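Let's take a walk through this one together. Have the sequence and the 3D view open side by side, and follow along piece by piece.

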Amino acid sequence: MKVALVGIGKIAVDQHVPALAASPDWELAATVSRSGTVDGVEAFTDIASMLAARPDIGMVSLALPPVPRYAYAQAALRAGRHVMLEKPPGATLAEIHALQDLAAAHGVTLYATWHSRMAHAVAPAKAWLSDKTITRAHITWREDVRKWHPGQDWVFEPGGMGVFDPGINALSILTEILPAPVHLQAAELEFPANRQTPIAARLTFTGNVTADFDWRQTGPQTWDIEIETTAGRMALRMGGNVLELDGQPSQGENTIMDEYPALYARMADLVVQGQSEVDLAPMVHVADAMTLGKRIVTDHFNF
Ligand code: NAP
């Protein structure tokens with residue numbers, strides 16, 4: 001099946017292009033980007049031209065930032081194409097509900113991806129937790145924004161989500177592995193004095209679940225979820241790729257596929273089955289944190 005990849009930037013180059021090159025299901029047939037291109041692939045600078053010129057391309061994968069993504073998704077769905085969304089799936093919850101309605105009306109697939117859910121140890125962690133009683137859980141998601149988003153000012157603009165751009169990856173894992181849902185009760189958000197979105201966040205959920213997101217961590221990076229249960233401790237480390245049980249490394253990780261190849265394989269399944277997959281649970285937590293969060297002004301931030 002042919003795919004057009006939209007927004008040829010960091011994640012498109014790092015992950016989407018290699019995943020598509022190795023995919024048995026998909027052929028990268030066109031790109032849409034105002035300046036980015038992929039060698040040997042037909043390049044368009046606007047979505048309308050691509051949709052008009054290439055009716056043979058049945059799927060559009062959107063790897064551009066969340067705020068501009070809606071208009072591209074709307075155009076592709078209206079043209080009867082299947083659509084795959086990078087995370088977070090949009091700038092607001094309502095616009096994703098609108099896309100769900102549009103996909104259903106046109107009989108095409110809409111897939112809101114959560115790449116971290118495809119990390120190697122997430123499925124085994126979910127299976128281990130499924131019959132446990134959780135007494136406490138804590139997320140530590142601390143990374144260096146200058147390393148992972150060099151010069152990307154959009155993350156600090158309205159809709160860019162700030163530290164929730166990586167933090168929503170942790171929330172996508174949490175909402176996947178917990179046997180019962182939790183909801184946010186309190187949040188503290190640290191906003192640089194010159195920016196529109198938080199650079200750090202501390203969250204408190206029901207069920208004794210807490211989270212600490214920080215984008216100012218230099219040196220070793222931390223992407224851990226630690227969970228205590230009445231039947232022992234579990235930790236997911238390295239962004240969901242390493243499972244520890246009672247402090248010991250555990251076998252049983254899914255070593256079949258990396259995150260982005262797994263997303264494209266899932267998209268192929270959804271298209272073949274005529275289904276959509278849109279789980280907004282991680283984004284509900286972010287929206288709630290923005291609604292309920294106490295605002296703390298902190299130091300200026302510049303790249
Ligand atoms: P990026 O490099 O800043 O943006 C991707 C491309 O989107 C840009 O190169 C640009 O291409 C296009 N674009 C940017 N702003 C636009 C606008 N206002 N209108 C139209 N096109 C625009 O961002 P990224 O890091 O790849 O992130 C994109 C998405 O992937 C985000 O949702 C992010 O959360 C997700 N993601 C990122 C990472 C990561 O490590 N960076 C990891 C996983 C997921 P043109 O200028 O050529 O149009």
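What follows goes from the N-terminal part to two helices, the ligand and a pair of buried residues.

One thing up front: this is a predicted model. Let's begin with the front end of the chain. An unreviewed UniProt entry annotates residues 1-111 as "domain: Gfo/Idh/MocA-like oxidoreductase N-terminal". In the model, that span is 41% helix and 22% strand, and its end C-alpha atoms lie 16 Å apart.

Now to two of the helices, α1 and α4. Here are their vital statistics:

| Helix | Residues | Length | Reach, first to last C-alpha | Expected reach |
|---|---|---|---|---|
| α1 | 10-21 | 12 residues | 16 Å | 16 Å |
| α4 | 93-106 | 14 residues | 20 Å | 20 Å |

Which residues of α1 are buried? They are Ala-12, His-16, Val-17, Ala-19 and Leu-20. Looking down the axis of α1, these buried residues fall within an arc of 160°, so they line one face of the helix. The general rule behind such a pattern is that an α-helix has 3.6 residues a turn, so residues three or four places apart point the same way. As for what that face of α1 sits against, the buried residues pack against three strands, β1 (2-6), β2 (27-32) and β4 (59-62), plus helix α8 (259-273).

Helix α4 can be read in a similar way. Its buried residues are Glu-95, Ile-96, Leu-99, Leu-102 and Ala-103. Down the axis of α4 they fall within an arc of 115°, so here too they line one face of the helix. On the other side of α4 you'll find Ala-94, Asp-101, Ala-104 and Ala-105, which are exposed. The partners of the buried residues of α4 are α3 (66-78), β5 (82-85), β6 (110-112) and α9.

Both ends of α4 deserve a look as well. At its start, a side-chain oxygen of Thr-92 comes to within 3.1 Å of the backbone nitrogen of Glu-95. Just past the other end, Gly-107 has a positive phi of about 65°.

Next, the ligand. There are 26 residues around it, and the ones that come nearest are Ile-11, Ser-33, Arg-34, Ser-35 and Asp-165. Where do its oxygen atoms find polar company? One partner is Ser-33, with a side-chain N or O atom 2.6 Å from an oxygen atom of the ligand. Asp-165 also uses its side chain, placing a polar atom 2.6 Å from a ligand oxygen. Arg-34 uses its backbone instead, with a polar atom there 2.8 Å from an oxygen atom of the ligand.

Finally, two buried residues from later in the chain. Glu-244 sits in strand β13 (residues 242-245). Is Glu-244 buried or exposed? Its relative accessible area is 17%, and buried means under 20%, so Glu-244 counts as buried. Its side chain makes a polar contact of 2.9 Å with the side chain of Arg-237. Beyond its neighbours within four places in sequence, Glu-244 also touches residues including Arg-233, Met-234, Pro-249 and Ser-250.

His-285 belongs to helix α9 (residues 281-292) and is buried at 6% relative accessibility. With neighbours within four places in sequence set aside, its contacts are Leu-171, Thr-175, Val-182, His-183, Leu-184 and Phe-205. The C-alpha atoms of His-285 and Leu-203 are 9.4 Å apart, although 82 residues separate them along the chain.

Notes: Residues numbered from 1 in each chain as written. Predicted model: local features only at pLDDT ≥ 70, side-chain atom pairs only at ≥ 80, totals over all residues. Heavy atoms only, no water. UniProt positions renumbered as here; feature names shortened; annotations may be inferred. Helix = DSSP H or I, 4+ residues; strand = E, 2+ residues; numbered from the N terminus. Expected span 1.5 Å × (residues − 1). Buried < 20%, exposed > 50% of the residue type's maximum accessible area, 1.4 Å probe, protein only. Arc of directions from axis to C-beta. Contact = heavy atoms within 4.5 Å. Near = heavy atom within 4 Å. Polar contact = N/O pair within 3.5 Å; in protein donor to acceptor, adjacent residues only side chain to side chain.
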